[in-house]
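Biologist: I would like a close look at a single part of this model, worked through slowly and then set in its surroundings.

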Amino acid sequence: MSWYLNSGPESDVVISSRIRLARNIKNIPFPSRINKEQAAEVIKEVKKAIFENDAFKNDFLFLNMDDITSIEKQAMVERHLISPELAAGNNECGVIVSRDEKISIMVNEEDHLRIQCLYPGMQIDAAWELCDKIDSILSRNIDIAFDVNYGYLTCCPTNLGTGMRASLLLHLPALAMTGHIGKILSLCGKLGISVRGFYGEHSQAIGNMFQISNQVTLGNSESDIRINVKNIGKQIIDSERSLRNEMYSQNPYRFEDRIYRSLGILSSSRIMTTEESLKRLSDVRLGVDMGIIKDIDKKVLNEILIFIQPANLQKLFGKPMSADERDIIRAEVIRNKLAKT
């Protein structure tokens with residue numbers, strides 16, 4: 001079962017937790033300076049380390065970016081398995097993905113290796129433990145570039161040190177609706193926390209979803225980074241919950257009307273853009289999380305969240321579609337999913 005079909009701790013606000021480690025192979029240039037033969041050698045070494053390990057060899061798939069369609073690449077971006085940069089890569093590059101999509105290892109993106117582990121809800125420590133396990137296996141079989149003063153050597157200096165990014169994907173409708181999200185963004189910046197959109201770096205917030213992560217990797221331990229992100233995350237969670245309750249108590253009819261209006265639109269519409277569907281889903285998720293809507297399983301909402309995105313929608317139906325066709329099919333998918341709850 002894919003990780004996003006499960007529910008984790010604090011899932012009324014926290015969609016997912018992620019740990020990402022940047023690693024490079026000693027004596028091989030960074031991917032931006034690599035030649036085709038060297039890139040192929042990186043892929044060979046990484047595949048050997050994973051697929052010759054008895055604990056993992058049957059749990060992973062390798063996908064070469066040259067062998068898959070642009071729709072399949074974008075679908076993986078939408079599922080947070082690869083970055084837009086890897087999808088657009090020109091060099092020999094690929095990704096190793098676990099069958100439950102909890103683990104992905106991007107090969108020859110900005111660094112030779114980007115090891116990522118995703119968990120539902122607030123589970124940064126669990127994501128770290130799994131990521132550290134994968135990192136240890138790779139390090140036993142690959143000579144990783146490391147310096148005693150600078151830590152793990154990475155293409156971008158901001159990733160030096162631990163090479164680790166710890167992040168939380170948060171659903172913050174109350175903070176967004178009241179305009180308080182601006183204060184949160186300002187505060188996070190002062191505390192060494194980056195706030196990004198749904199797809200991470202260079203992306204916009206959609207469906208009231210925001211990703212927070214550490215800015216600095218050098219000079220902090222992996223434990224320090226995780227603790228800081230969790231502590232800031234918990235403060236944001238408390239603020240969001242408090243605002244939700246305050247908004248409801250001030251005008252419960254208006255609050256519920258917004259939620260049920262969005263549910264009615266999603267349940268009946270014949271045309272639905274990605275932007276509007278994510279906006280309406282945010283309202284419905286808020287209603288489910290606050291116990292206002294009681295007959296919709298949040299797993300269904302998580303499934304809808306993934307499959308209504310443009311590339312995954314086309315992959316689901318096995319054919320390219322125009323924007324207008326996608327809007328019609330998207331509305332149908334949402335209606336059918338909600339009707340089954």
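Biologist: Please concentrate on strand E10: which residue in E10 is the bridge partner of His171? Please take the answer outward from there, through the neighbours of the strand and on to other parts of the chain.

Modeller: The bridge partner of His171 in E10 is Met209. Please keep in mind throughout that this is a predicted model.

The pair of His171 and Met209 belongs to a setting in which strand E8, residues 164–171, and strand E10, residues 209–214, are paired in the antiparallel sense over five bridges. Further along E10, Gln211 is the bridge partner of Leu169. E10 is also joined to E9, by four bridges, and these two strands likewise run antiparallel; here Asn214 of E10 has Ile193 as its bridge partner. In general terms, the strands of a sheet pair through backbone hydrogen bonds, in either a parallel or an antiparallel manner.

Seen as a whole, the sheet is open and made of eight strands, which follow one another in the order E2-E3-E4-E5-E1-E8-E10-E9 with antiparallel pairing. The edges are taken by strand E2 (60–64) and strand E9 (193–196), and because each of these has a single partner strand, one side of each is left without a neighbour in the sheet. From one strand to the next, the twist averages 20°.

As for its surroundings, E10 is mostly covered, with six of its six residues buried. In a regular strand, side chains alternate between the two faces of the sheet. In E10 both faces are covered, since Met209, Gln211 and Ser213 on one side and Phe210, Ile212 and Asn214 on the other are all buried, which means a relative accessible area under 20% for each of them. One element that lies over this part of the sheet is helix H7, residues 222–250, which lies across E1, E8, E9 and E10 and runs at about 10° to E8.

Elsewhere in the sheet, the link between two other strands carries a residue that deserves attention. His112 sits in the loop between strand E4 (103–107) and strand E5 (113–120), and because its relative accessibility is 0%, His112 counts as buried. Leaving aside residues up to four places away in sequence, His112 touches a set of residues that includes Arg23, Asn24, Ile25, Ile28, Pro29, Phe30 and Pro31, as well as Ile34, Val42, Met106 and Val107. Pro31 is a useful one to pick out, as His112 and Pro31 are 81 residues apart in sequence and yet 6.3 Å apart in space, C-alpha to C-alpha.

Some backbone details outside the strands may also be worth inspecting. Glu10, in the segment before strand E1 (14–23), has a positive phi of about 60° although it is not a glycine, and at 32% relative accessibility Glu10 counts as partly exposed. His80, in the loop between helix H2 (70–78) and helix H3 (84–87), also has a positive phi, near 65°, in a residue other than glycine; with 16% relative accessibility, however, His80 counts as buried.

The helices make contacts of their own. Ala311, Asn312, Leu313 and Gln314 are the buried residues of helix H11, residues 310–317, and they pack against H2, helix H10 (298–307) and H12. Just after H11 comes Gly318, with a positive phi of about 70°. H12, which spans residues 323–339, packs in turn with helix H8, residues 252–268, at an angle of about 110° and with the axes 7 Å apart; the two helices are therefore roughly perpendicular to each other. In this contact, Leu263, Leu266, Ser267 and Ser268 of H8 meet Ile334, Arg335 and Leu338 of H12, and by class the contact has four nonpolar, two polar and one charged residues.

Finally, since cysteines often come up at the bench, the structure holds zero disulfides. Cys93 is in no disulfide, and the nearest cysteine sulfur, that of Cys155, is 14 Å away. Cys93 is buried, its relative accessible area being 2%, and Cys188 is buried with a relative accessible area of 2%.

To return to the part you asked about, E10 has antiparallel pairing with E8 over five bridges and with E9 through four, and both of its faces are covered.

Terms used: Residues are numbered from 1 along each chain as its sequence is written. This is a predicted model: local features need pLDDT of at least 70, side-chain atom pairs count only at pLDDT 80 or more; totals for chains, interfaces and linings use all residues. Side-chain values use heavy atoms; hydrogens and water are left out. Axes are lines fitted to C-alpha atoms, for helices over the stretch in contact, and angles run from 0 to 180 degrees between N-to-C directions. Angles under 35 degrees count as roughly parallel, over 145 as roughly antiparallel, 65 to 115 as roughly perpendicular and the rest as oblique. Contact means heavy atoms within 4.5 Å. Ala, Val, Leu, Ile, Met, Phe, Trp, Tyr, Cys and Pro count as nonpolar, Asp, Glu, Lys and Arg as charged, and the others, Gly among them, as polar. Buried means under 20% relative accessible area, exposed over 50%, partly exposed in between (1.4 Å probe, protein chains only). Two strands pair if DSSP finds at least two bridges between them. A disulfide is a pair of cysteine sulfur atoms within 2.5 Å.
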